[in-house]
Amino acid sequence: MSRGCFQEEHGIFRRNFRQFIEKEVAPYTLDWEEKGEWPKSVLRRMGELGFLGLRHKEEHGGAGADYLYTVVMAEELPRCGVSGFPMGIMVHTDMATPIIGKLGSPEQVERFLKPAIRGEKLAALAITEPQAGSDVGAIKTSAKKDGGEYVINGSKLFITNGANADFLTLAAKTAPEQGLHGISFFLFPTDTPGLQVAKKLKKMGNHSSDTAELVFEDARVPKEYLLGEENMGFYYIMQNFQGERLIAAVSAVAGSQLLLDLTIQYARDRQAFGRPIIKFQVNRHKVVDMATRVAVARSFVYDVCGAFDSFDSAQSADPAHAVPFELVKEISMAKLFATEVAKLVADECVQLHGGYGYIEEFPVARAYRDTRLLSIGGGTSEIMKEIIGKIMDL
Ligand SMILES: Cc1cc2nc3c(=O)[nH]c(=O)nc-3n(C[C@H](O)[C@H](O)[C@H](O)COP(=O)(O)OP(=O)(O)OC[C@H]3O[C@@H](n4cnc5c(N)ncnc54)[C@H](O)[C@@H]3O)c2cc1C
């Protein structure tokens, strides 16, 4: 996939979506940053406008659109001026719900997926625990079968949308003695007795997104809320990660480009020693280095998105449609490279802003804090390198 692969209809979608972000989202995001969350009315509005089910099948209420539409959405969301709101939305659309479209029973689709696509229910993906982040197999939250129900006990940490979600796509151990092969996925309504939002976490950045610690004490869900097959959770998580990581790479490139554009303008306007600071060769080279890295990242990320589209379009959990290792390697490389570039760009852009870059009113200061998450969330840079190394048989 290259830029040439965007068709006219993607361009039309881009214009519509950008208009929505600029008119109905951007004016409010700083307020949401203060409040530490964004209102569900935006989710409903996005549902009405058909923005929440781009990748989903039409029979599930989605658009059945190719992956390029999702790429466009991820590229335009950062125009709202903050990263927290885009993160909350992308967790809903691209991290917590795609797996329901692939594995969900008709009842699960009716009860959870369709309302999520309509914007009536907010979703969160609950995998990480206080003692298990990178090491997903070490999760301890248990789901024990008791008659027609599963009884959930344990806790989850760093859960985006966790305080406000209507349901969780939840990973828990159904066979703890089987390690990685004892994890299952559940759909978990957050009004289930026994679930408590233990804490809304204060973060370095991404303030408009709520991040929570959740505790489960004898919380019962009907066995019908098991998603897919029992003990296949690790496989599903790894498959689900591919879309999550790729979209993080797309967001990283788009955010970097916006920050770079804004900084170039600043460097043209800002005078020192009688000339614009962009006219100092050292700064010009810095900007050129950043622009080159962002262009290379974009090109590679687009290429990987093109390869991913055929697996995503299959919308199937059948191992026959599993993302092949070679593509897993490239998705991991895309996330690794794009998010590290984004960190470098954010750092250099603060430097080019001088003291103003450290002042909260300047968007670059927020971007610097927000960007720091990219190489941690959804799998750290070190874990990306481990995956790539393993696939390269190193
Ligand atoms: C704001 C925010 C939002 C999040 N949203 C969600 C969410 O919605 N749902 C969810 O389930 N999780 C979420 N997470 C969790 C996130 O995915 C984890 O924080 C991340 O995967 C890292 O896990 P950890 O924090 O336990 O770090 P650890 O796994 O403890 O890692 C600590 C350090 O050790 C390194 N390390 C670990 N293992 C290795 C290794 N084998 N080799 C080399 N280095 C290693 C890591 O790279 C890292 O630098 C979120 C986190 C944050 C901060």
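Student: How many aromatic pairs does the structure hold, and what makes two rings a pair?

Tutor: The structure holds 17 aromatic pairs. Rings of Phe, Tyr and Trp (its six-membered ring) pair if their centres lie within 6.5 Å; planes under 30 degrees apart count as stacked, over 60 as edge-to-face and the rest as tilted. This is a predicted model, in which local features need pLDDT of at least 70 and side-chain atom pairs count only at pLDDT 80 or more, while totals for chains, interfaces and linings use all residues. Residues are numbered from 1 along each chain as its sequence is written, and side-chain values use heavy atoms, with hydrogens and water left out.

Student: Why is the pair of phenylalanine 13 and phenylalanine 51 called edge-to-face?

Tutor: The centres are 5.9 Å apart and the planes stand at 70°; the angle is over 60, so the pair counts as edge-to-face. Phenylalanine 13 lies in helix α1 (residues 8–25) and phenylalanine 51 in the loop between α3 (40–48) and α4 (67–76), 38 residues apart. Helices are DSSP runs (H or I, at least four residues), numbered from the N terminus.

Student: What makes the pair of tryptophan 32 and phenylalanine 85 tilted?

Tutor: With 5.3 Å centre to centre and 50° between the planes, the pair is neither under 30 nor over 60 degrees, and therefore counts as tilted. Tryptophan 32 belongs to helix α2 (residues 29–35) and phenylalanine 85 to helix α5 (residues 84–96), so the pair ties together parts 53 residues apart in sequence.

Student: How do you know whether tryptophan 32 is buried or exposed?

Tutor: Buried means under 20% relative accessible area, exposed over 50%, partly exposed in between (1.4 Å probe, protein chains only). Tryptophan 32 has 6%, and is therefore buried. Phenylalanine 85, at 0%, also counts as buried.

Terms used: Helix = DSSP H or I, 4+ residues; strand = E, 2+ residues; numbered from the N terminus.
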